[in-house]
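Me: Please give me a close look at a single part of this structure, followed by what surrounds it. I am a first-year student, and I would be grateful if each term were explained as it comes up.

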Amino acid sequence: MHKIAVFISAAIFFLLPLTSCAEVMPSSGEAPVGKSDKSIESGASPEKKDGITIGFSIASVQEERWLTDREIFISKCNELGAEVIEQSANGDAQLQNEQCKKLLAQGIDVLVVIPLDSEKSAAIVNEANNLDIPVVAYDRLIRNSFVAAHVSYDNVKIGEFQARYLVDLVPEGNYMLLGGAQTDYCSIQVRKGQMKVLKPYIDSKKITIVETAWVEDWNPYIAKKVIEDVLAENQNNIQAIVASNDGTAGGAIQALAEQKLAGKVAVSGQDADLAGCQRIVEGIQSMTVYVPIKAEAEAAAEVAIKLARGGIVTGNSVTDNGKVKVPTILLEPILVDSENIVDTVIKDGYQKYEEVFKNIPVNSWPQQK
């Protein structure tokens, strides 16, 4: 297997009954095992009741979903009586660290971080620990540090959904693995899930992985260039592209379209962004994975408020970040294709019916229930 030399670093949903697997004491960042009935309910004898300020650091808002996360998170925090100071790092890990230092200096009670770089962001957590300010890792894990809590979706399962769907469509042939940013731990977990499904097919030589790549910042333009090169090197002999999100899928499909292969090569995705959903109903993207953002953003807000009030947060899972087992709230992703798109992302209000189907004839639009 040839590997691209450039590692381009760039619900209908029910919130799970988050029964006890771990507890975190915000003063220490430790994650002792304990018992509790709920993960984010109001705790007794809170240390703080008023004047809560949450710092919210976003890696980038270049992707559609992060704008939605930001809006819902801030709205929920405000509803719960907290102020939010928000910063976006525009895809710059060093800038994110600097912004977080400034947030910490403003006397915030909790810092919630969507990290750009899962390793470099440990420095943020260390700074916060020195000030006894708990840190919540939102969506993406922060590695090798005393993180107070992690709120995310099951990224291994997302990867399994993607690979299983493509294998069911194309059980034999040449596959390309198009990952997200290698600095994003979610990318690693998604790839882990993909390989759990693909390995037996690779071992039996039914599937050949002709190329692999990681895409810096999940950038669609970089993804397009990668796929252009892969198609040229393999004389367009590619049957499936396991793209880890809709942005990279979009770049891949642009490259396929230039070779008149769009709709002929199976392509996965994630995030159920508008363009991805449109491509699915047009028949040029095979599937996506919907992670109901409202559930994640509101859970993260509730966790942050709970920690700010000196309470104990429990999760329905734990995640080993290399230093501690972090109490984790893992939410369930939803596989979406042309068959269930109306009953999932559209019915849930995440995307609008008219927008999703606008590029196909009206007489072909499915009936809404």
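Reply: Helices and strands are DSSP runs numbered from the N terminus, with at least four residues (H or I) for a helix and at least two (E) for a strand. The model is predicted, so local features need a pLDDT of at least 70 and side-chain atom pairs count only at pLDDT 80 or more, while totals for chains, interfaces and linings use all residues. Residues are numbered from 1 along each chain as its sequence is written, and side-chain values use heavy atoms, with hydrogens and water left out.

The close look begins with helix 8, residues 274-282. Gly283, just after helix 8, takes a positive phi of about 90°. On the other side, Ala272 lies in the loop between strand 10 (266-267) and helix 8. Its phi is near 55°, a positive value in a residue other than glycine. Ala272 is also buried, with a relative accessible area of 0%; buried means under 20% relative accessible area, exposed means over 50%, and partly exposed lies in between (1.4 Å probe, protein chains only).

Within helix 8, the buried residues are Gly276, Cys277, Gln278, Arg279, Ile280 and Val281. What covers them includes helix 7 (246-258), strand 11 (288-290), strand 15 (334-336), helix 10 (342-346) and helix 11 (353-356). Ile280 is also touched by Asp337, which has Tyr165, Ser286 and Met287 among its other contacts once residues up to four places away in sequence are set aside. Here contact means heavy atoms within 4.5 Å. Asp337 sits in the loop between strand 15 and helix 10, and at 11% relative accessibility Asp337 counts as buried.

Another positive phi, of about 55°, belongs to Asp217, which is not a glycine. Asp217 is placed in the loop between strand 8 (207-214) and helix 6 (220-233). Helix 6 holds Lys224, which counts as buried at 16% relative accessibility. The side chain of Lys224 makes a polar contact with the side chain of Glu228 at 2.4 Å. A polar contact is a pair of N or O atoms within 3.5 Å; within protein, one must be able to donate a hydrogen and the other to accept it, and residues adjacent in sequence count only if both atoms are side-chain atoms. Leaving out residues up to four places away in sequence, Lys224 touches Gly251, Ala252, Gln254, Ala255 and Glu258.

The wider setting includes an open sheet of seven strands in the order 3-2-4-5-6-14-13, with mixed pairing. Two strands pair if DSSP finds at least two bridges between them. The edge strands, strand 3 (82-88) and strand 13 (317-320), each pair on one side only. From one strand to the next, the twist averages 25°; axes are lines fitted to C-alpha atoms, for helices over the stretch in contact, and angles run from 0 to 180 degrees between N-to-C directions.

Strand 4 deserves attention in this sheet. Five of its five residues are buried, so strand 4 is largely enclosed by the rest of the structure. In a regular strand the side chains alternate between the two faces of the sheet. In strand 4, Val110, Val112 and Ile114 point one way, whereas Leu111 and Val113 point the other way. Strand 2 and strand 4 pair in the parallel sense over five bridges, and the bridge partner of Ile54 in strand 4 is Val110. Strand 4 also runs parallel to strand 5, with three bridges between them, and Leu111 has Val135 as its bridge partner in strand 5. The chain passes from strand 4 through helix 3 (residues 122-130) to strand 5 in a right-handed β-α-β crossover; right-handed means that, with the strands pointing away from the viewer, the path from the first strand over the helix to the second runs clockwise.

Helix 9 (residues 293-308) lies across several strands, including strand 4, and runs at about 175° to strand 6. The largest nonpolar core has 68 residues, and those with the most contacts inside it are Ile54, Phe73 and Tyr175. Such a core is a set of buried Ala, Val, Leu, Ile, Met, Phe, Trp, Tyr and Cys residues joined through side-chain atoms within 4.5 Å. Helix 9 supplies the largest share of this core, 11 residues. A second, separate core of 21 residues includes Ile227, Ala243, Ala249 and Val267.
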